[in-house]
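The following paragraphs lead through one structure, from a single residue outward to strand pairing and charged pairs. Please keep the sequence and the 3D view at hand while reading.

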Amino acid sequence: MSIKIKHILFLLLVTKFANAQTNDSINRVDSISSLPTPSIEEAIKYPKVTFKGLFQGRYLVNTTKNVDVNGLHHSEGSVTSNNFMLKYVRVQMRAQISKRTEVAVLANLADFKHDTKTKVLENAYLKYTFNPKLAVTVGQFRPWFGIEETYPVDIIKTLDWSNQYSEFGKLGWTSFQIGMSVGGTVNVGKMPLQYAVSVVNGNGKNQVNDNDNGKQYSTRLVFGLDKKYNLNLGLNGGIGEVYSKQVYALGVDLSGTINLAPKWDLDMQVEAKQATNHTMYFDLDESLRPENTDEYLVRGIYVLPHLKYQINHKNLSALEFSFRYEYLDRNFRINSNPRETYTPMFGLEFLKDYGARIQVGVQFDRYKEQKENTSIYNNNLFIVQVQSRF
């Protein structure tokens, strides 16, 4: 199936859903009464604009000899082994311009500290919601492809995004992308099902143009298996074309929460993904590339248990303990060199919903084979992180 036919089918699908939902709403109103009735919505004045923000700063110390705070090994010369840094200074604006229409903009001002090309602006999209079953999003956003896409960085249960998430962002499946998405929630019997179908350029955020004529199509389905334990099963799949080569991505994830005692909650996440590593493939000289892109595949998995103790004191809301284990192999078929990362963290939450918190932890990186003067080198990074949502 050509890429143009895929574009047409995707647009026809959106139009069909939109017309069906709109007509259904009109029919229900007409069947109730032919006379207009007062509505609470009519009293709401639009636009309704809200502003939010996030400050997140860190102090880092790399305790490994000859390795700097960015994980880069230096065989000669001195290195910067400790550093204060601003990770996020985010400003977000949301404008509800009608009952169904929302515009959102998110910028990270901390990106001004280095080259701003393709940075700073993160979210910039328009969302139109027909009803809970169907919403259409257009612009720059995070297409659903895994657990981490479903929440912002300021409520991450550990230090940062997983290595897997970052790698799949470079491949165009996760992180901020430019395109279009439809999604919503429906019921399959008594089981809630969340879905999202997206088509994106796949070459990252803030790009003037797509870098080729190919597009990347992805789908995420989340099955609500158990409401009591918030047990959800996610299935992710994607296909696409990059420089006339076929690429794919697959993923599965499971998450849930167990109330161990009146003040103790255990949250668990497990996620695994596999995809064509077309970035590594096209970095090769053309004469060295095999015909089949599936010779270059990335595979990863992480497990994240997170224990929270609710204190609810006026000055301290909760204590947190987490330990994430990650396994990532950027090319497991050729020159396999997996990276294993262990991240134990302890946190103090001073305001509810992570309004203010301090985290302390260590990130241990281990490689099967180390390479001098590269970031593929074992190291231990000590972190103190503070954040405030406002």
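In this predicted model, Gln 274 counts as buried because its relative accessibility is 18%, and the cut-off for that class is under 20%. Gln 274 belongs to strand E11, which covers residues 264-276. Its side chain is joined to the side chain of Arg 299 by a polar contact of 2.8 Å. Leaving aside residues up to four places away in sequence, Gln 274 touches Phe 168, Tyr 248, Ala 249, Leu 250, Leu 297, Val 298, Arg 299 and Phe 332, so that Arg 299, the partner in the polar contact, also appears in this list of neighbours.

From this residue we can turn to the pairing of strands. Strand E1 (residues 48-62) runs antiparallel to strand E2 (residues 82-96), and 14 bridges join the two; within this pairing, Phe 55 has Val 89 of E2 as its bridge partner. E1 also pairs in the antiparallel sense with strand E16 (residues 379-389), here over 9 bridges, and in that pairing the bridge partner of Arg 58 is Gln 385 of E16.

Charged side chains offer another way through the model. Side chains of opposite charge can pair when their charged atoms come close. Across the whole structure, a search finds 17 salt bridges. One of them is formed by the side chains of Glu 122 and Lys 205, with an N to O distance of 3.9 Å. This pair links distant parts of the chain, 83 residues apart, since Glu 122 lies in strand E4 (residues 121-131) whereas Lys 205 lies in the loop between strand E7 (191-200) and strand E8 (216-226). Are the two partners buried or exposed? Glu 122 is buried, with a relative accessible area of 3%, and Lys 205 is buried too, at 17%.

In another salt bridge, the side chains of Lys 215 and Asp 210 meet at 2.9 Å, N to O, and both of these residues are buried. The side chains of Glu 320 and Arg 357 likewise meet in a salt bridge, with an N to O distance of 3.2 Å. Because Glu 320 lies in strand E13 (residues 318-329) and Arg 357 in strand E15 (residues 356-367), this pair ties together parts that are 37 residues apart in sequence. Glu 320 and Arg 357 are both buried. Finally, salt bridges that share partners join Arg 58, Lys 87 and Asp 160 into one network, which leads back to the strand pairing described above, where Arg 58 has Gln 385 of E16 as its bridge partner.

Technical notes: Residues numbered from 1 in each chain as written. Predicted model: local features only at pLDDT ≥ 70, side-chain atom pairs only at ≥ 80, totals over all residues. Heavy atoms only, no water. Pairing = 2+ DSSP bridges. Helix = DSSP H or I, 4+ residues; strand = E, 2+ residues; numbered from the N terminus. Salt bridge = Lys/Arg side-chain N within 4 Å of Asp/Glu carboxyl O. Buried < 20%, exposed > 50% of the residue type's maximum accessible area, 1.4 Å probe, protein only. Polar contact = N/O pair within 3.5 Å; in protein donor to acceptor, adjacent residues only side chain to side chain. Contact = heavy atoms within 4.5 Å.
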